Amino acid sequence: MNSLEHAVAAFEPGLPLTVAFSGGADSTALLLACARRWPGQVRAFHVHHGLQAAADGFEAHCRSLCEGLKVPLSVRRVDARHASGESPEDAARRARYASLAALARDAGVHDIALGHHADDQAETILLALSRGAGLSGLAAMPSLARRDGLNYHRPFLHLPGAAIRAWLRGQGVAWIDDPSNGDARYTRNRIRGVLLPALEQVFPQFRSTFARSAGHAAQAQVLLVELAEQDLAGVGAPPRIEALQALSRARQANVLRHWLLRVHGCTPSAAQLEELLGQVDACRTRGHRIHIKLGTGFVDRVGDVLDWYNVAPSPRPSR
(Lines give C-alpha, C1' and ligand atoms only; values in the text may rest on other atoms or scores of the structure.)
Protein backbone atom coordinates (compact mmCIF):
# COMPACT_ATOMS: atom_id res chain seq x y z
CA MET A 1 0.00 0.00 0.00
CA ASN A 2 1.58 3.31 -1.05
CA SER A 3 1.26 6.71 0.65
CA LEU A 4 -1.92 7.70 -1.22
CA GLU A 5 -3.65 4.45 -0.35
CA HIS A 6 -2.52 4.87 3.26
CA ALA A 7 -4.05 8.36 3.28
CA VAL A 8 -7.40 7.04 2.05
CA ALA A 9 -7.27 4.07 4.47
CA ALA A 10 -6.82 6.54 7.36
CA PHE A 11 -9.64 8.78 6.05
CA GLU A 12 -12.85 8.40 8.08
CA PRO A 13 -15.54 10.73 6.71
CA GLY A 14 -19.26 10.45 7.25
CA LEU A 15 -21.05 8.49 4.55
CA PRO A 16 -22.40 9.02 1.97
CA LEU A 17 -19.39 11.02 0.81
CA THR A 18 -19.12 13.54 -1.99
CA VAL A 19 -15.90 14.34 -3.85
CA ALA A 20 -15.46 17.81 -5.35
CA PHE A 21 -14.43 16.70 -8.82
CA SER A 22 -12.82 19.10 -11.30
CA GLY A 23 -11.35 16.41 -13.54
CA GLY A 24 -7.78 17.36 -12.61
CA ALA A 25 -5.25 14.86 -11.31
CA ASP A 26 -5.83 15.48 -7.59
CA SER A 27 -9.61 15.20 -7.56
CA THR A 28 -9.50 12.30 -10.04
CA ALA A 29 -7.19 10.31 -7.76
CA LEU A 30 -9.35 11.17 -4.76
CA LEU A 31 -12.57 10.12 -6.50
CA LEU A 32 -11.06 6.87 -7.79
CA ALA A 33 -9.59 5.88 -4.41
CA CYS A 34 -12.76 6.77 -2.48
CA ALA A 35 -15.07 5.00 -4.96
CA ARG A 36 -13.00 1.85 -4.56
CA ARG A 37 -13.02 2.03 -0.78
CA TRP A 38 -16.74 2.84 -0.38
CA PRO A 39 -18.50 1.45 -3.49
CA GLY A 40 -22.03 2.75 -3.86
CA GLN A 41 -21.55 5.42 -1.16
CA VAL A 42 -19.61 8.03 -3.10
CA ARG A 43 -20.89 10.70 -5.49
CA ALA A 44 -19.19 13.58 -7.29
CA PHE A 45 -19.90 17.30 -7.59
CA HIS A 46 -18.55 19.27 -10.54
CA VAL A 47 -18.62 23.07 -10.72
CA HIS A 48 -18.67 24.48 -14.26
CA HIS A 49 -17.08 27.93 -13.80
CA GLY A 50 -17.76 29.15 -17.33
CA LEU A 51 -14.43 30.98 -17.39
CA GLN A 52 -12.88 29.34 -20.45
CA ALA A 53 -13.96 27.62 -23.66
CA ALA A 54 -12.57 24.28 -22.44
CA ALA A 55 -15.04 24.17 -19.51
CA ASP A 56 -17.61 22.17 -21.49
CA GLY A 57 -14.93 19.62 -22.29
CA PHE A 58 -14.02 19.39 -18.59
CA GLU A 59 -17.64 18.58 -17.76
CA ALA A 60 -17.86 15.95 -20.52
CA HIS A 61 -14.66 14.30 -19.26
CA CYS A 62 -16.02 14.21 -15.70
CA ARG A 63 -19.30 12.69 -16.85
CA SER A 64 -17.48 9.99 -18.81
CA LEU A 65 -15.22 9.02 -15.90
CA CYS A 66 -18.09 8.98 -13.40
CA GLU A 67 -20.14 6.76 -15.69
CA GLY A 68 -17.24 4.32 -15.87
CA LEU A 69 -16.90 4.31 -12.08
CA LYS A 70 -20.70 4.12 -11.59
CA VAL A 71 -20.50 7.24 -9.44
CA PRO A 72 -23.45 9.70 -9.57
CA LEU A 73 -22.39 13.15 -10.76
CA SER A 74 -24.10 16.47 -10.05
CA VAL A 75 -23.06 19.56 -12.03
CA ARG A 76 -23.69 23.20 -11.19
CA ARG A 77 -22.96 26.03 -13.59
CA VAL A 78 -21.90 29.39 -12.17
CA ASP A 79 -20.71 32.74 -13.40
CA ALA A 80 -17.37 33.05 -11.61
CA ARG A 81 -16.20 36.23 -13.35
CA HIS A 82 -14.59 38.66 -10.92
CA ALA A 83 -15.68 42.22 -10.27
CA SER A 84 -13.40 45.19 -10.87
CA GLY A 85 -10.66 45.24 -8.25
CA GLU A 86 -11.42 41.68 -7.12
CA SER A 87 -8.96 38.79 -7.36
CA PRO A 88 -10.04 36.32 -10.10
CA GLU A 89 -8.81 33.44 -7.91
CA ASP A 90 -10.83 34.63 -4.90
CA ALA A 91 -13.97 35.12 -7.01
CA ALA A 92 -13.69 31.61 -8.47
CA ARG A 93 -13.06 30.08 -5.04
CA ARG A 94 -16.11 31.77 -3.50
CA ALA A 95 -18.29 30.65 -6.41
CA ARG A 96 -16.97 27.11 -6.10
CA TYR A 97 -17.67 26.78 -2.38
CA ALA A 98 -21.11 28.36 -2.72
CA SER A 99 -21.90 25.85 -5.48
CA LEU A 100 -20.62 22.88 -3.45
CA ALA A 101 -22.78 23.95 -0.51
CA ALA A 102 -25.86 24.28 -2.74
CA LEU A 103 -25.24 20.89 -4.35
CA ALA A 104 -24.77 19.30 -0.91
CA ARG A 105 -28.08 20.72 0.32
CA ASP A 106 -29.84 19.41 -2.77
CA ALA A 107 -28.29 15.94 -2.37
CA GLY A 108 -28.75 15.78 1.41
CA VAL A 109 -25.04 15.07 2.07
CA HIS A 110 -22.84 16.57 4.79
CA ASP A 111 -19.31 15.40 3.96
CA ILE A 112 -17.30 16.74 1.01
CA ALA A 113 -13.75 15.62 0.17
CA LEU A 114 -11.37 18.07 -1.51
CA GLY A 115 -8.19 17.12 -3.38
CA HIS A 116 -5.85 19.76 -1.91
CA HIS A 117 -2.36 18.40 -1.31
CA ALA A 118 0.97 19.43 0.25
CA ASP A 119 1.96 21.67 -2.68
CA ASP A 120 -1.36 23.54 -2.39
CA GLN A 121 -0.74 23.95 1.34
CA ALA A 122 2.74 25.36 0.72
CA GLU A 123 1.32 27.80 -1.85
CA THR A 124 -1.32 28.92 0.65
CA ILE A 125 1.30 29.55 3.34
CA LEU A 126 3.52 31.53 0.95
CA LEU A 127 0.54 33.64 -0.13
CA ALA A 128 -0.33 34.29 3.52
CA LEU A 129 3.26 35.35 4.24
CA SER A 130 3.27 37.67 1.23
CA ARG A 131 0.14 39.38 2.56
CA GLY A 132 1.43 39.76 6.13
CA ALA A 133 -1.24 37.42 7.47
CA GLY A 134 -1.68 36.61 11.13
CA LEU A 135 -1.89 33.17 12.69
CA SER A 136 -5.25 32.32 11.16
CA GLY A 137 -3.80 32.89 7.69
CA LEU A 138 -0.54 31.07 8.41
CA ALA A 139 -2.53 28.08 9.69
CA ALA A 140 -3.48 27.67 6.00
CA MET A 141 -5.92 24.86 5.13
CA PRO A 142 -7.13 22.46 7.84
CA SER A 143 -7.55 18.76 7.16
CA LEU A 144 -11.13 19.12 8.40
CA ALA A 145 -13.19 22.30 8.27
CA ARG A 146 -16.81 22.62 9.40
CA ARG A 147 -18.82 25.33 7.68
CA ASP A 148 -22.56 25.88 7.34
CA GLY A 149 -23.40 22.36 8.52
CA LEU A 150 -20.92 20.73 6.09
CA ASN A 151 -17.67 18.88 6.75
CA TYR A 152 -14.90 19.64 4.26
CA HIS A 153 -12.16 16.98 4.30
CA ARG A 154 -8.66 17.19 2.82
CA PRO A 155 -7.19 13.68 3.14
CA PHE A 156 -4.27 14.41 0.74
CA LEU A 157 -2.93 17.43 2.59
CA HIS A 158 0.38 15.74 3.46
CA LEU A 159 0.94 14.19 0.01
CA PRO A 160 3.07 15.92 -2.67
CA GLY A 161 1.25 16.57 -5.92
CA ALA A 162 3.86 14.52 -7.80
CA ALA A 163 3.05 11.43 -5.70
CA ILE A 164 -0.64 11.76 -6.53
CA ARG A 165 0.03 12.03 -10.27
CA ALA A 166 2.45 9.07 -10.15
CA TRP A 167 -0.22 6.92 -8.45
CA LEU A 168 -2.82 7.95 -11.02
CA ARG A 169 -0.51 7.10 -13.93
CA GLY A 170 -0.02 3.68 -12.35
CA GLN A 171 -3.80 3.19 -12.45
CA GLY A 172 -3.92 4.04 -16.14
CA VAL A 173 -6.51 6.77 -15.57
CA ALA A 174 -6.40 10.03 -17.54
CA TRP A 175 -7.01 13.46 -16.09
CA ILE A 176 -7.47 17.02 -17.34
CA ASP A 177 -4.62 19.54 -17.35
CA ASP A 178 -6.34 22.89 -16.97
CA PRO A 179 -4.56 25.31 -19.37
CA SER A 180 -5.09 28.17 -16.90
CA ASN A 181 -2.66 26.46 -14.51
CA GLY A 182 0.19 27.69 -16.70
CA ASP A 183 -1.03 31.30 -16.80
CA ALA A 184 1.64 33.40 -15.07
CA ARG A 185 -0.85 36.21 -14.43
CA TYR A 186 -2.11 34.21 -11.45
CA THR A 187 0.01 34.44 -8.30
CA ARG A 188 -0.49 30.80 -7.36
CA ASN A 189 0.80 29.69 -10.74
CA ARG A 190 3.95 31.79 -10.33
CA ILE A 191 4.50 30.30 -6.87
CA ARG A 192 3.97 26.79 -8.26
CA GLY A 193 6.23 27.30 -11.27
CA VAL A 194 9.03 29.36 -9.73
CA LEU A 195 9.10 29.29 -5.94
CA LEU A 196 8.27 25.65 -5.18
CA PRO A 197 11.00 24.22 -7.44
CA ALA A 198 13.54 26.62 -5.89
CA LEU A 199 12.44 25.66 -2.38
CA GLU A 200 12.76 21.99 -3.23
CA GLN A 201 16.36 22.52 -4.30
CA VAL A 202 17.30 24.33 -1.09
CA PHE A 203 14.93 22.64 1.39
CA PRO A 204 13.87 19.22 0.00
CA GLN A 205 11.57 18.60 3.00
CA PHE A 206 9.84 21.98 2.83
CA ARG A 207 6.36 20.49 2.32
CA SER A 208 6.43 18.59 5.61
CA THR A 209 8.11 21.44 7.53
CA PHE A 210 5.64 23.99 6.15
CA ALA A 211 2.79 21.69 7.16
CA ARG A 212 4.24 21.43 10.65
CA SER A 213 4.49 25.22 10.93
CA ALA A 214 0.89 25.55 9.74
CA GLY A 215 -0.13 23.11 12.46
CA HIS A 216 1.68 25.16 15.11
CA ALA A 217 -0.03 28.32 13.85
CA ALA A 218 -3.44 26.62 13.95
CA GLN A 219 -2.85 25.46 17.52
CA ALA A 220 -1.77 28.95 18.61
CA GLN A 221 -4.82 30.45 16.88
CA VAL A 222 -7.08 28.18 18.95
CA LEU A 223 -5.48 29.59 22.11
CA LEU A 224 -5.97 33.17 20.89
CA VAL A 225 -9.66 32.48 20.25
CA GLU A 226 -10.06 30.97 23.72
CA LEU A 227 -8.40 34.03 25.29
CA ALA A 228 -10.56 36.33 23.17
CA GLU A 229 -13.72 34.55 24.37
CA GLN A 230 -12.65 35.06 27.99
CA ASP A 231 -11.80 38.72 27.42
CA LEU A 232 -15.03 39.34 25.50
CA ALA A 233 -17.00 37.98 28.45
CA GLY A 234 -15.18 40.55 30.60
CA VAL A 235 -15.42 43.63 28.37
CA GLY A 236 -18.88 42.84 27.01
CA ALA A 237 -20.38 42.83 23.53
CA PRO A 238 -20.48 45.63 22.57
CA PRO A 239 -17.18 46.18 24.43
CA ARG A 240 -16.89 48.78 27.18
CA ILE A 241 -14.07 51.23 26.47
CA GLU A 242 -12.84 51.41 30.06
CA ALA A 243 -12.69 47.62 30.31
CA LEU A 244 -10.72 47.48 27.06
CA GLN A 245 -8.24 50.01 28.39
CA ALA A 246 -7.50 47.70 31.33
CA LEU A 247 -6.13 45.09 28.90
CA SER A 248 -2.75 45.10 27.20
CA ARG A 249 -2.73 46.47 23.66
CA ALA A 250 -2.18 42.98 22.26
CA ARG A 251 -5.20 41.61 24.12
CA GLN A 252 -7.27 44.61 23.05
CA ALA A 253 -6.40 43.84 19.41
CA ASN A 254 -7.21 40.17 19.90
CA VAL A 255 -10.58 40.70 21.56
CA LEU A 256 -11.65 43.49 19.18
CA ARG A 257 -10.75 41.39 16.15
CA HIS A 258 -12.70 38.46 17.63
CA TRP A 259 -15.74 40.60 18.49
CA LEU A 260 -15.88 42.15 15.04
CA LEU A 261 -15.61 38.80 13.29
CA ARG A 262 -17.86 36.74 15.57
CA VAL A 263 -20.63 39.28 16.12
CA HIS A 264 -20.51 41.32 12.90
CA GLY A 265 -18.68 39.15 10.35
CA CYS A 266 -16.20 42.01 9.87
CA THR A 267 -12.45 41.59 9.35
CA PRO A 268 -10.54 44.88 9.77
CA SER A 269 -7.27 45.60 8.03
CA ALA A 270 -4.16 45.91 10.18
CA ALA A 271 -4.13 49.69 9.62
CA GLN A 272 -7.80 50.04 10.59
CA LEU A 273 -7.31 48.02 13.76
CA GLU A 274 -4.24 50.06 14.73
CA GLU A 275 -6.23 53.28 14.27
CA LEU A 276 -9.02 51.90 16.48
CA LEU A 277 -6.55 50.86 19.20
CA GLY A 278 -5.05 54.36 19.17
CA GLN A 279 -8.50 55.90 19.55
CA VAL A 280 -9.41 53.54 22.40
CA ASP A 281 -6.22 54.55 24.21
CA ALA A 282 -6.94 58.26 23.68
CA CYS A 283 -10.57 57.99 24.78
CA ARG A 284 -10.27 59.40 28.31
CA THR A 285 -12.96 62.08 28.31
CA ARG A 286 -16.74 62.03 27.95
CA GLY A 287 -16.62 64.12 24.79
CA HIS A 288 -14.03 62.06 22.90
CA ARG A 289 -15.60 60.89 19.65
CA ILE A 290 -14.69 57.64 17.90
CA HIS A 291 -15.88 57.10 14.34
CA ILE A 292 -13.63 54.87 12.21
CA LYS A 293 -14.25 52.99 8.97
CA LEU A 294 -13.65 49.32 9.66
CA GLY A 295 -14.22 46.62 7.06
CA THR A 296 -17.50 47.36 5.28
CA GLY A 297 -18.85 49.51 8.12
CA PHE A 298 -17.91 51.85 10.93
CA VAL A 299 -16.99 51.62 14.60
CA ASP A 300 -18.61 54.38 16.63
CA ARG A 301 -18.43 55.36 20.27
CA VAL A 302 -21.87 55.20 21.88
CA GLY A 303 -21.62 56.36 25.46
CA ASP A 304 -19.16 54.10 27.24
CA VAL A 305 -19.10 51.33 24.61
CA LEU A 306 -17.97 50.72 21.04
CA ASP A 307 -20.49 49.64 18.43
CA TRP A 308 -20.21 48.66 14.77
CA TYR A 309 -22.56 49.67 11.97
CA ASN A 310 -22.65 48.54 8.37
CA VAL A 311 -23.62 52.08 7.33
CA ALA A 312 -22.45 55.38 8.72
CA PRO A 313 -24.67 56.26 11.68
CA SER A 314 -26.09 59.68 12.35
CA PRO A 315 -24.02 61.67 14.87
CA ARG A 316 -25.03 60.75 18.40
CA PRO A 317 -24.42 62.68 21.60
CA SER A 318 -22.26 60.89 24.17
CA ARG A 319 -24.23 59.62 27.11
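In which sense do strands β4 and β6 pair, and over how many bridges? In this predicted model, strand β4 (residues 111-113) pairs with β6 in the parallel sense, over three bridges. Within this pairing, A113 stands opposite H153 of β6. Strand β6 also has a partner in β5 (residues 144-147), to which four bridges join it, and here the two strands run antiparallel. H153 appears in this pairing as well, as the bridge partner of L144.

The strands β5 and β6 form a hairpin with two residues between them. D148 lies in the loop between β5 and β6. The phi angle of D148 is near 55°, a positive value in a residue other than glycine. D148 is exposed, with a relative accessible area of 71%. In β6 itself both faces are covered. L150 and Y152 on one side are buried, as are N151 and H153 on the other. A positive phi is also found at A140, where the value is near 60°. A140 is located in the loop between α6 (135-138) and β5. Unlike D148, which is exposed, A140 counts as buried, at 17% relative accessibility.

Strand β6 also takes part in an aromatic pair. The residues concerned are Y97, in helix α4 (residues 88-107), and Y152, in strand β6 (residues 150-153). The ring centres of Y97 and Y152 are 5.5 Å apart and the planes stand at 75°, so the pair is edge-to-face. The two residues are 55 apart in sequence, and the pair links distant parts of the chain. Y97 counts as buried at 14% relative accessibility, and Y152 is buried with a relative accessible area of 2%. A charged residue accompanies this pair: R147 lies over the face of Y152, at 5.2 Å from the ring centre. A similar arrangement involves K293, which lies over the face of F298 at 5.6 Å from the ring centre.

A search of the whole structure finds three aromatic pairs. One of them is formed by F11 and W38, which are edge-to-face, with 5.8 Å between centres and 75° between the planes. F11 lies in the loop between α1 (3-9) and β1 (17-20), and W38 in the loop between α2 (25-37) and β2 (42-48), so the pair ties together parts that are 27 residues apart in sequence. Both F11 and W38 are buried. The loop between α1 and β1 also contains P16. A cis peptide bond joins L15 to P16, with omega at about 5°.

Another cis peptide bond runs from A237 to P238, with omega near 15°. P238 is found in the loop between α9 (206-235) and α10. Both A237 and P238 are in contact with W259. W259 belongs to helix α11 (residues 249-264) and is buried, with a relative accessible area of 1%. Beyond its neighbours within four places in sequence, the contacts of W259 include L232, P239, H264, L306, D307 and W308. The C-alpha atoms of W259 and A102 are separated by 29 Å, and these residues are 157 apart along the chain.

Helix α10 (residues 241-245) contains Q245. The side chain of Q245 reaches the backbone oxygen of V280 at 2.7 Å. Apart from neighbours within four places in sequence, Q245 is in contact with Q252, V280, D281, C283 and R284.

A55 is found in helix α3 (residues 55-69) and counts as buried, at 7% relative accessibility. Although A55 and D178 are 123 residues apart in sequence, their C-alpha atoms are 9.2 Å apart in space.

For the protein as a whole, there are 12 helices and nine strands. The C-alpha trace spans about 75 × 45 × 35 Å along its principal axes. Of the 319 residues, 45% count as buried. The accessible surface comes to about 16,700 Å², and 53% of this belongs to carbon and sulfur atoms. Among contacts between residues at least 6 apart in sequence, 63% join residues at least 24 apart.

Conventions. Residues are numbered from 1 along each chain as its sequence is written. This is a predicted model: local features need pLDDT of at least 70, side-chain atom pairs count only at pLDDT 80 or more; totals for chains, interfaces and linings use all residues. Side-chain values use heavy atoms; hydrogens and water are left out. Rings of Phe, Tyr and Trp (its six-membered ring) pair if their centres lie within 6.5 Å; planes under 30 degrees apart count as stacked, over 60 as edge-to-face and the rest as tilted. Buried means under 20% relative accessible area, exposed over 50%, partly exposed in between (1.4 Å probe, protein chains only). A charge sits over a ring if NZ of Lys or CZ of Arg is within 6 Å of the ring centre and within 35 degrees of the ring normal. Contact means heavy atoms within 4.5 Å. Two strands pair if DSSP finds at least two bridges between them. A polar contact is a pair of N or O atoms within 3.5 Å; within protein, one must be able to donate a hydrogen and the other to accept it, and residues adjacent in sequence count only if both atoms are side-chain atoms. Accessible areas come from the Shrake-Rupley method with a 1.4 Å probe; for residues, only the protein chains shown count as cover.
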